[in-house]
Amino acid sequence: MAKKRPQTKAKRPQLTDGEVPVVGAREPCPCGSGRRYKACHGRAAAHAVTELVHRPFEGLPGECDWVALRELVPAATVELTLKDGLPEGVPSVTLATVLPMAWPALRRDDGSVLLGLQNDTSSGDISRDLADTLQRALAADPGTPVQGRRAPADGPRLQDLLDPEGAFEPVVHSGFEFWVPDPENATPDVTASLERANAAAIPTVKLSGVDSAYWCETPEKNHLRWVMPHPEEQLLDALARLHAAGRSSLGEGTRLVGSFRAHGLTVPVWDLPSGVKAEDVEKPAAEFAERLAEALAADAPLTADERRARGGLTNRQVTLN
């Protein structure tokens, strides 16, 4: 009886890191190493998914407004300027707070692109996720939405795609009619969707006299929410100095009640009487900005009253992301 010839396994061709596709965690790694994906190339992918970038919009023009549109403003759009210009067949790229059906992006029939900002992201870097969505939207067929996916760990970020000198000028809308070019001739389904979205939107106005401050109206009282670029500890010290001195309000009946923490920035919040409209706080906000600049420049240790004021502000801080 002849001996069986020992069988040898052919070696699988080794793939470079950039060629390795994403597979299930327990599946063999496609690179050919013989190890499971989670113990091989999946390690880097898992790290990219869980690592949180605390200031994803840092370095972009209008960082404070990016944060406001992501967390605070219901309906707004911004025309974006790409670093390498618009591709052929793409007349414009517009950032939108929300898109129909919570689509991450939409390539319209005319080739223009809408990029949604208020979407769940699959990694800890919103900028990378949005950049991946934007690139896919630019290449999508006109008239199609872009679905979400996990962005490649080595993919570009918004800072790589957008013109660093481009203007970032949000336009706040009273509703979501910007979803469709001709809302009067929209289908019944689209009309119903618009009506639901409009009914849920809180009236919001961007102040013109200071940067990144947004007035909003709620049933019980109005608010001013102001995204500020200053380092958190320095800003809280300055707000505490003003609060202890009775100089933190925006006029009669208004008061600084606390702050949000969002994407690495601090967002002081004021309660306003229901009769106080956006135009009513333009001048008080500009005057407060001057007082804040003085307080930010102070370097003396906080007094006992200022430390108490700071503790109260810190206790009323809410993290949004």
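**Crossing helices and empty spaces**

Me: Why are helix 6 and helix 7 said to be roughly perpendicular to each other?

Reply: The axes of helix 6 (residues 232-244) and helix 7 (residues 282-297) cross at roughly 115° and come within 9 Å. Angles of 65 to 115 degrees count as roughly perpendicular, under 35 as roughly parallel, over 145 as roughly antiparallel and the rest as oblique, so this pair is called roughly perpendicular. Axes are lines fitted to C-alpha atoms over the stretch in contact, with angles from 0 to 180 degrees between N-to-C directions. This is a predicted model, in which local features need pLDDT of at least 70 and side-chain atom pairs pLDDT 80 or more, while totals for chains, interfaces and linings use all residues. Residues are numbered from 1 along each chain, and side-chain values use heavy atoms, without hydrogens and water.

Me: Which residues make the contact between helix 6 and helix 7?

Reply: Helix 6 brings Q234, L235, A238, L239, R241 and L242, and helix 7 brings F288, R291, L292, A295 and L296. Contact means heavy atoms within 4.5 Å. Eight of these residues are nonpolar, one is polar and two are charged; Asp, Glu, Lys and Arg count as charged, Ala, Val, Leu, Ile, Met, Phe, Trp, Tyr, Cys and Pro as nonpolar, and the others, Gly among them, as polar.

Me: What makes helix 6 and helix 8 oblique to each other?

Reply: Helix 6 and helix 8 (residues 304-315) pack at about 120°, with axes 8 Å apart. That angle lies outside the other classes, so the pair is oblique. In this contact, helix 6 residues including E233, D237 and R241 meet helix 8 residues, among them D305, E306 and R310. The contact divides into six nonpolar, two polar and six charged residues.

Me: Why is the space beside P61 and W66 called a cavity?

Reply: A cavity is a set of points on a 1 Å grid where a 1.4 Å probe fits but cannot get out. The search finds one cavity of 30 Å³ or more, and the largest holds about 60 Å³, a volume being the space filled by probe spheres set on the points. Its lining also includes E79, L80 and F168; by class, that lining has six nonpolar, two polar and two charged residues.

Me: What lines the second largest pocket?

Reply: A pocket is an open set with protein on both sides within 12 Å along at least five of seven lines, and lining residues have an atom within 4 Å of a point. The second largest pocket has 14 lining residues, with W103, L106, W179, V180 and P181 nearest its centre. Its space is about 320 Å³.

Key. Helix = DSSP H or I, 4+ residues; strand = E, 2+ residues; numbered from the N terminus.
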